[in-house]
Structures are given as C-alpha cells and as structure tokens.
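This briefing reviews selected features of the model shown below. The points are grouped by topic for reference alongside the sequence and coordinates.

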Amino acid sequence: MVEIRKPIPVAEAVAQVIGHVQRLGTESISLEQSMGRILAEPIVARHNVPPFDRSPYDGFAIRAIDSKGASGDNRVPFKVIGEIGAGYVGGLPVGPHEAYRIMTGAQIPESADAVVMFEQTVETEEGFTIRKPFETGDNISYAGEDASKGEMLIPSGTLIHAGTIALLATFGYADAVVYRQPVVGVLSTGTELLDVSDDLVPGKIRNSNGPMVKAQLKRLGVPYKSYGTSSDDLDACTEVIERALQETDALITTGGVSVGDFDHLPAIYERLGAKVLFNKVAMRPGSVTTVAVLGDKFLFGLSGNPSACFTGFELFARPALLSLMGCTAPYLPYLKAKLAEDFTKPNPFTRFIRAVWQMTGNGVTAAPAGFNKSNAVSSIARGNCLIVLPSGTRGYSTGDEVDLLLIGAEQGAEDWVL
Ligand SMILES: Nc1nc2c(c(=O)[nH]1)N[C@H]1C(S)=C(S)[C@@H](COP(=O)(O)OP(=O)(O)OC[C@H]3O[C@@H](n4cnc5c(N)ncnc54)[C@H](O)[C@@H]3O)O[C@H]1N2
Ligand code: MOO
C-alpha cells in the first residue's frame, strides 16, 4: 500500500528545519579568505573614521573667519604658506589670511577650519582670492563622522561582503573571527542518470541536479564534497549515504524521495535511524521535499525533478546552512511586484513559479520564465526569482500584486514572512 503523506505548510516546514539548526563553532581566518563568511563577532569601531579631520576636496585650507565680508566686489586675498598632499601633515598653524594648498584626504592643518575648492578661487602671485565667505566646518570631513571609536557598527551573524571587508580593513583586522562552514555532501540518486560528458542513450538523462546543487552551494560559499551518482539500489545507496555522513556535516541527495518502487530514501532514513521532520510540503514544485536529521546532521532529500530540487534547496537547505554558519538573515529576500501576465491556474498548494523580475516604468514586474512544471529545467535557467502564489488562490491577472523571493541576492532577510 502506498503511504499517504500529510503535507505541512511551507512556513511550518521552514520553521521545523530552522528549529533543528545547531550552530557551528567559530574560527579565525585571514581577511582575504573572509568573503561570504559570517561574522562571529560584531565589528566595533577600534578608532574614529576618519581618524583625523581631513579635506574632502583639492583646494586651500583657511580660517573661515578670514573670509568674512568676501564678495564679487570685495575679493579677499590669502597667502599660501605650503602644500599638504594626502599622507602628509602641515607643519605650521594657519595664521590670519594664510592658507595651505591641501589635497583630498590630507589632514586639516592646525588653526584651519574650512576648505575652499580650487574652482572657487582666483590665483594671485602670493596665493589666491575668494569671492564668498565660508563658515567654520565648510568642506571638512570631521574625525569620527563615519564611525566613532567604540561604536557598534555591524552585528555578529552578518554576511561578510565586499563592504564588510572594507570596514574590517579600515580597522586593521588582518584576520576575522567567523563561524565555521559546514562541508556538505551532494549525491544524485537515479539509475537513469548519466554523467555530464556521456552521450544520451535510450531511457537515460544527464544528471543536472548534482551540478546545479553544487552551484547553489557555491553561491552560498559553502564547501561541498561530491558523491556523484548512485543507482536506485537500496544497499548501494545506503552505503554511500553512510559514508557521506561520516565525512560531511550535512548531506543533500536528489531524487528517490517519492513513493515509487525505486524511491529508496524513505527506507534509508529508516535504516539509519534518522528522524524525518517532514516528507510532504504543501508547495509546488517540491511537494516531496524531505528533511531528516541524524544527530546534529541534516539530510536534505530534495526531489529529482529539477525545478522541485532547485526550489527545495532555496527554501530549506539554504536557510538551514546559513543558520548553521551563524547567519541571522538566512531567508531569501522578498519584494512585491506586479504580475506581468495572467496566471489562471488554481493553486491548491503554495506555488513557487520560476520567474524574471525587472524594474519598469510601471514599478517592479515579474513574469513566469517559461515552461513551469516541476520537471522543468529551462525556466530555472531563465529565472531570477520565484513568484509566490499562496495556497487556496486562483485566477491571477496581469497587474495583480504578488510576492517575490529573490534568487542570488547577497543579503538575506531576517524573517520568513510569506
Ligand atoms: N504516485 C505518486 N507519484 C509521484 C508523486 C506522488 O505524490 N505520488 N509525486 C510526484 C512529484 S510531485 C514529484 S516532484 C516526483 C518526485 O520524485 P522523486 O523526488 O522521488 O524523484 P525521482 O522519482 O527520482 O525523479 C523524478 C524525475 O526527476 C528526474 N531526475 C532525477 N534525478 C535527476 C537529476 N539528478 N538530474 C536531472 N533529472 C533528474 C528523474 O529522471 C524523473 O524524471 O515524483 C512524482 N511522482
Ligand atoms: O514535488 Mo513535485 O515537485 O510537487 O511536483
């Protein structure tokens, strides 16, 4: 008798997965290697940024008081007493009607409190004249205006991206303390699977899920170990999975999770004594997505159907792995968009449609990315987001507002809100 599975809502399935996350430990790595990792310590300003008052322009550093009364009819003269390039400091205090030539990024000399851009001056033999008064602080970048010493700037749990690296470098972090990364095993199951370089033969297809999942992991910066393909042989498949679980922190399998005669993953979870969190989710594609835990290790049983596999990864494996790595914003970012074409099908389960979003004169619009069945591979390639149509809805028309989950964005969302 075929087992009747009870589907659980997507939000509940996501919560179950996140509820079983056991965060990994921390390690110190070089700044160069830290891109894509998660901060395990907050970034607190070690000093002011900028560390000294500096000029944001190429021009002249003056005392604002000396510019009082300057106008087109009353040009005020200044004498230049020296030049300060970025990286140098002026040796003398600026006296009445004196000025330093100063370059962008150079420290403001003693007694000066304003900078006049070159373009606002007329050169004279001794220096220059100006035709308008300046206030104290005009054209000065003050010490600490960007970050002041002791300020908490970026919380622990944040993804390190190019901007974070700039900030760490600013404060002299040659090393960063980050959460450890899991090593994830990837195994594609299915007797029908050929390798990417194999020629097609009757009844067989090339394994596209394996390379896709590895690319999805790569996008998260998560290291993986490939276990290639396994035929639908219960013992052989169990053996590979047991080995993979010894060698990795989590395992992603594709295929074999449904109710077919050769879908062995449910039996393998039972053999291993893994606790199945769910094996049916009220979503399409990916309704057969199964997640199990064995000790502190996740087993993500993604569907063999490519679109279902892709969606299952993004919805469940992605936030779980990011959470393991300490990320506090592990969910796909979302936004609202206007549907660019009618979608009349009913949605008995929450539907995730591979789609293309773009900014138009009409705001953000999203259009399904073509052939959109669970077994589709072409629409995964075209899409840059998932349109989410809640279960129990039907008859969407062009212009209707829908939720989008963005694929491939660097920054995540802190909550699962859909
Ligand atoms: N009687 C029922 N049959 C099915 C149900 C059901 O509830 N009752 N669910 C259907 C749904 S929904 C899906 S999704 C699929 C999921 O099946 P599996 O996850 O067990 O995957 P397989 O049967 O192994 O393969 C499905 C499909 O995908 C192709 N495939 C498999 N692996 C790969 C790969 N690595 N690269 C590319 N394509 C792959 C495979 O050849 C099949 O065509 O079950 C439905 N059936
Ligand atoms: O799980 Mo299937 O992907 O719902 O079509």
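Val-89 counts as exposed because it has 11 C-beta neighbours inside 10 Å, and an exposed residue has 12 or fewer. The model in which Val-89 is described is a predicted one. Val-89 belongs to the loop that links strand 4 and strand 5.

**Val-89 and its surroundings**

- Apart from residues up to four places away in sequence, Val-89 touches Ile-84 and Gln-107.
- Between the C-alpha atoms of Val-89 and Glu-151 there are 27 Å, the two residues being 62 residues apart along the chain.
- The loop between strand 4 and strand 5 also holds His-97, a residue other than glycine whose phi is positive, at about 55°.
- His-97 counts as partly exposed, because it has 15 C-beta neighbours inside 10 Å.

**The sheet that contains strands 4 and 5**

- Strand 4 and strand 5 belong to an open sheet of six strands, ordered 6-3-5-4-8-7 and with mixed pairing.
- At the edges of this sheet are strand 6 (114-117) and strand 7 (121-123), each of which pairs on one side only.
- On average, neighbouring strands of this sheet are turned by 40° against each other, direction ignored.
- Strand 4 (residues 76-84) and strand 5 (residues 98-102) run parallel and are joined by five bridges.
- Within this pairing, Tyr-100 of strand 5 is the residue opposite Gly-82.

**The sheet that contains strands 15 and 19**

- A further open sheet of six strands follows the order 14-11-15-19-18-16, and its pairing is mixed.
- Strand 14 (224-230) and strand 16 (275-278) are the edge strands; each has a single partner strand, so one side of each is left without a neighbour in the sheet.
- Here the average turn between neighbouring strands is 20°, direction ignored.
- The pairing of strand 15 (residues 250-254) with strand 19 (residues 297-302) is parallel and comprises five bridges.
- Leu-251 has Leu-299, in strand 19, as its bridge partner.

**Helices packed on this sheet**

- Helix 3 (residues 209-220) lies across strand 11 (184-189), strand 14 and strand 15, and its direction makes an angle of about 160° with strand 11.
- In helix 5 (residues 265-272), the buried residues are Leu-265, Ile-268 and Tyr-269.
- These buried residues line one face of helix 5, because they fall within an arc of 100° when seen down the helix axis.
- The packing partners of the buried residues of helix 5 are helix 4 (234-247), strand 15, strand 16, strand 18 (290-294) and strand 19.
- Gly-273, just after helix 5, adopts a positive phi of about 80°.

**Ligand surroundings**

- Ligand 1 is surrounded by 27 residues, of which Asn-209, Gly-255, Ser-258, Ser-303 and Gly-304 are the closest.
- Helix 3 and helix 6 (306-324) are the elements that give two or more residues to this shell.
- By class, the shell around ligand 1 consists of eight nonpolar, 17 polar and two charged residues.
- Around ligand 2 stand Arg-284, Pro-285, Gly-286, Ser-287, Val-288, Ser-303, Asn-305, Ala-308 and Ser-374.
- The shell around ligand 2 comprises three nonpolar residues, five polar and one charged.
- Ser-303 is listed among the closest residues to ligand 1 and also among the residues around ligand 2.

**Backbone exceptions**

- Most residues other than glycine have a negative phi, and most peptide bonds are trans.
- Asn-139, which is not a glycine, has a positive phi near 60°.
- The position of Asn-139 is in the loop between strand 8 (127-130) and strand 9 (152-154).
- Asn-139 counts as buried because it has 20 C-beta neighbours inside 10 Å, the cut-off for a buried residue being 20 or more.
- Val-49 and Pro-50 are joined by a cis peptide bond with an omega of about -5°.
- Pro-50 is located in the loop between strand 2 (43-44) and strand 3 (59-62).
- A cis peptide bond also leads from Arg-284 to Pro-285, where omega is near 0°.
- Pro-285 lies in the loop between strand 17 (283-284) and strand 18.
- Both Arg-284 and Pro-285 are among the residues around ligand 2.

Terms used: Residues are numbered from 1 along each chain as its sequence is written. Chains are lettered from A and ligands numbered from 1 in the order in which they are written. This is a predicted model: local features need pLDDT of at least 70, side-chain atom pairs count only at pLDDT 80 or more; totals for chains, interfaces and linings use all residues. Two strands pair if DSSP finds at least two bridges between them. Helices (H or I, at least four residues) and strands (E, at least two) are DSSP runs, numbered from the N terminus. Axes are lines fitted to C-alpha atoms, for helices over the stretch in contact, and angles run from 0 to 180 degrees between N-to-C directions. Two residues are in contact if their C-beta atoms, placed from the backbone, lie within 7 Å. A residue is near a molecule or strand if its C-beta atom, placed from the backbone, lies within 6 Å of it. Ala, Val, Leu, Ile, Met, Phe, Trp, Tyr, Cys and Pro count as nonpolar, Asp, Glu, Lys and Arg as charged, and the others, Gly among them, as polar. The arc is that of the directions from the helix axis to the C-beta atoms.
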